[in-house]
Amino acid sequence: MTPYSKDFPVSWEELHRNARALSWRLLEQGPWKGIIAITRGGLVPAAILCREMDIRLIDTICIVSYSEGETGEGAMKQGDLNVLKGVEGDGEGFILVDDLVDTGRTAAKVREMLPKAHFATIYAKPAGKPLVDTFITEVSQDTWIRFPWDMEYTFSTPLADRQGK
Ligand SMILES: O=P(O)(O)OC[C@H]1O[C@H](OP(=O)(O)OP(=O)(O)O)[C@H](O)[C@@H]1O
Ligand SMILES: O=c1[nH]c(=O)c2nc[nH]c2[nH]1
Ligand SMILES: [Mg+2]
């Protein structure tokens, strides 16, 4: 059974605003040598951060942790962590960025790989929050965040018509 009972759709505008808010917070804590994006979710936040912070050195850690769940409703379940590509060094002076922390499993893995990096996310759920150095918005553990790159505009049934369904 999926542990997610709430949906939290995020628009491009909201994502952009939150990523810029994260840039402000990180600029105050610099200087930074570069950004390491945790693919794939960290790629769009990293693009916004490096533009706002004038950072030109961008690398990736490529890691896979979720696969399509049995529900077929777009919610995912977590499998084994699979690191496809790492980076050299201990991460000192680098921002490690991801879109969110949920259980914190991905965060724990990347922190182990780069113990001195500053780990930043836009969204954090309570279980993963202690592993993040800087984040912008907290959502409850039973919420599934829907990022704009995972959605498309579609018809919305009026609330009155949904009653009793
Ligand atoms: O805190 P956790 O429970 O580990 O979950 C958070 C991770 O899960 C998602 O990535 P996912 O592995 O689904 O891949 P993606 O970024 O390529 O979509 C998300 O982008 C985080 O990286
Ligand atoms: O798009 C996503 N939304 C989430 O809430 C989430 N949690 C882990 N991985 C996730 N991916
Ligand atoms: Mg990810």
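**Helix H1, two cores and a listed site**

Biologist: Hi! Which exposed residues sit on the face of H1 turned away from its buried side?

Modeller: That face carries Glu13, Arg17 and Trp24 as exposed residues. Exposed means over 50% relative accessible area, buried under 20% and partly exposed in between, with a 1.4 Å probe and protein chains only. H1 is a DSSP run, like every helix (H or I, at least four residues) and strand (E, at least two) here, numbered from the N terminus.

Biologist: And what am I looking at overall?

Modeller: A predicted model, where local features need pLDDT of at least 70 and side-chain atom pairs count only at pLDDT 80 or more, while totals for chains, interfaces and linings use all residues. Residues are numbered from 1 along each chain as its sequence is written, chains are lettered from A and ligands numbered from 1 in the order in which they are written, and side-chain values use heavy atoms, leaving out hydrogens and water.

Biologist: Back to H1, then. Which of its residues are buried?

Modeller: Leu15, Asn18, Ala19, Leu22, Ser23 and Leu26. They lie on the same side of H1 because they cover an arc of only 150 degrees around the axis, taking the directions from the helix axis to the C-beta atoms.

Biologist: What covers them?

Modeller: The cover includes H2, E5, E6 and strand E7 (134-138). A contact here means heavy atoms within 4.5 Å.

Biologist: How far does H1 reach from its first C-alpha to its last?

Modeller: H1 has 16 residues and reaches 22 Å, close to the expected 22 Å. The expected span is 1.5 Å times one less than the number of residues.

Biologist: Okay, new topic. Which residues touch the most other members of the largest nonpolar core?

Modeller: Among its 23 residues, those are Leu26, Ile35, Leu49, Ile95, Val97 and Tyr123. At least two core residues come from each of H1 (12-27), strand E2 (34-39), H2 (43-53), E5 and E6, and H2 gives the largest share, five residues. A second, separate core has 15 residues, including Ile38, Val101, Leu114 and Phe119. By nonpolar core I mean buried Ala, Val, Leu, Ile, Met, Phe, Trp, Tyr and Cys residues joined through side-chain atoms within 4.5 Å.

Biologist: Leu26 came up twice. What is Leu26 in contact with?

Modeller: Beyond its neighbours within four places in sequence, Leu26 meets Trp32, Leu49, Met53, Ile95, His118, Ala120 and Thr134.

Biologist: Is His118 buried or exposed?

Modeller: Buried, at a relative accessible area of 13%. His118 is in strand E6 (residues 118-124), and its side chain makes a polar contact of 2.7 Å with that of Thr134. Such a contact pairs N or O atoms within 3.5 Å; within protein, one must be able to donate a hydrogen and the other to accept it, and residues adjacent in sequence count only if both atoms are side-chain atoms.

Biologist: What does UniProt list for "binding site"?

Modeller: Its unreviewed entry lists several residues, including Arg40, Gly41, Asp99 and Thr106. Positions follow the numbering used here, feature names are shortened, and annotations may be inferred rather than shown by experiment. Asp99 is in strand E5 (residues 94-101) and counts as buried because its relative accessibility is 10%. Thr106 lies in helix H3 (residues 105-113), where its side chain has a polar contact of 3.5 Å with the side chain of Ser65.

Biologist: What does Asp99 touch?

Modeller: Leaving out residues up to four places away in sequence, its partners include Gly41, Thr121, Phe147 and Trp149. Phe147 is in the loop between strand E8 (143-146) and helix H4 (159-162), and is buried at 4% relative accessible area. Phe147 and Pro9 are 138 residues apart in sequence, yet 6.4 Å apart in space, C-alpha to C-alpha.
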